[in-house]
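Biologist: I'm new to this one, so please pick a single part and take me through it slowly, along with whatever sits around it. Explain the terms as you go.

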Amino acid sequence: MNVRNCRSCGCIFNYIAGPITCPACREKLEKKFQEVKEYIRENKGAGIQQVAEECDVDTGQIRQWLREERLELAAESAATLTCEGCGRAIRSGRFCEKCTLNMARGFQEVLSAGKQPVSKPAKNDGEGPKMRYLK
């Protein structure tokens, strides 16, 4: 059993996976996310700072939701995120399309290079070392 302290409220809980927050704090955060999502639907074009103030959410949390691709900046939004690979402006996530494709191609090359054909062992034609047993 893996017991940890919640990073939000400090209470002890049984940690399984994901962010180190207790189920109660995770539920509160999900409710805040739904509130933010609804506010953005009603107020198209609202900036990160405005959403944070109106919904009483930290701007860092909104940026995290953008990085996780749970939210996306509007095309006409003045705020942007930057690609962690090349620095290009993006609307959500961590990488632009070009960097994502390059990474996928690189991973594919690594995987294909690691899968070399398995050679079958040579048949024993009577030559070479042999195994024997003693009576």
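Modeller: Let's start with a term: a contact means heavy atoms within 4.5 Å. This is a predicted model, where local features need pLDDT of at least 70 and side-chain atom pairs count only at pLDDT 80 or more, while totals for chains, interfaces and linings use all residues. Residues are numbered from 1 along each chain as its sequence is written, and side-chain values use heavy atoms, with hydrogens and water left out.

The part I'd pick is helix 1, but here's the whole chain before we zoom in. The chain has four helices and four strands (DSSP runs numbered from the N terminus: H or I for helices, at least four residues; E for strands, at least two). Follow the sequence and you meet them in the order β-β-α-α-α-β-β-α. Of the 135 residues in the chain, 22% are buried (buried is under 20% relative accessible area, exposed is over 50%, partly exposed is in between, with a 1.4 Å probe and protein chains only). Among contacts with a separation of 6 or more, 17% join residues 24 or more positions apart.

Now for helix 1 itself, which covers residues 23–42. Helix 1 is 20 residues long and spans 29 Å from first C-alpha to last, close to the expected 28 Å (the expectation being 1.5 Å times one less than the number of residues). Its buried residues are C25, F33, V36 and Y39. These four lie on the same side of helix 1, because they cover an arc of only 125° around the axis (an arc of the directions from the helix axis to the C-beta atoms). As background, an α-helix has 3.6 residues a turn, so residues three or four places apart point the same way. On the face turned away from the buried side of helix 1 you'll find the exposed residues P23, K31, R41 and E42.

What covers that buried side? The cover includes helix 2 (48–55) and helix 3. Helix 3 runs over residues 59–67 and has its own buried set: Q61, I62, W65 and L66. That set also sits on the same side of its helix, because the arc is only 145° around the axis. The buried residues of helix 3 pack against helix 1, helix 2 and strand 3 (81–82).

The contact I'd zoom in on next is an aromatic one. The structure holds two aromatic pairs (Phe, Tyr or Trp rings, with the six-membered ring for Trp, whose centres lie within 6.5 Å; planes under 30 degrees apart count as stacked, over 60 as edge-to-face, the rest as tilted). In one of them, F13 and Y15 meet edge-to-face, 6.3 Å centre to centre with 80° between the planes. The rings of F33 and W65 have centres 5.1 Å apart and planes at 70°, so this pair is edge-to-face. Because F33 lies in helix 1 and W65 in helix 3, the pair ties together parts that are 32 residues apart in sequence. F33 is buried at 4% relative accessible area, and W65 is buried at 1%.

F33 has a charged visitor too: R70 lies over the face of its ring, 3.9 Å from the ring centre (a charge sits over a ring if NZ of Lys or CZ of Arg is within 6 Å of the ring centre and within 35 degrees of the ring normal). R4 lies over the face of Y15 in turn, at 4.5 Å from the ring centre.

Now look around the two ends of helix 1. C25 is 9.2 Å from R7, C-alpha to C-alpha, and 18 residues away in sequence. R7 sits in the loop between strand 1 (3–5) and strand 2 (12–14) and is exposed at 69% relative accessibility. The loop between helix 1 and helix 2 holds G47, which is partly exposed at 26% relative accessibility. The C-alpha atoms of G47 and S77 are 7.0 Å apart, although 30 residues separate them along the chain.

One last stop lies just after helix 3, where E69 takes a positive phi of about 65°. E69 is one of the residues touched by S92, along with L66, L71, E72 and L81, leaving out residues up to four places away in sequence. S92 itself lies in the loop between strand 4 (89–90) and helix 4 (97–114) and counts as buried at 16% relative accessibility.
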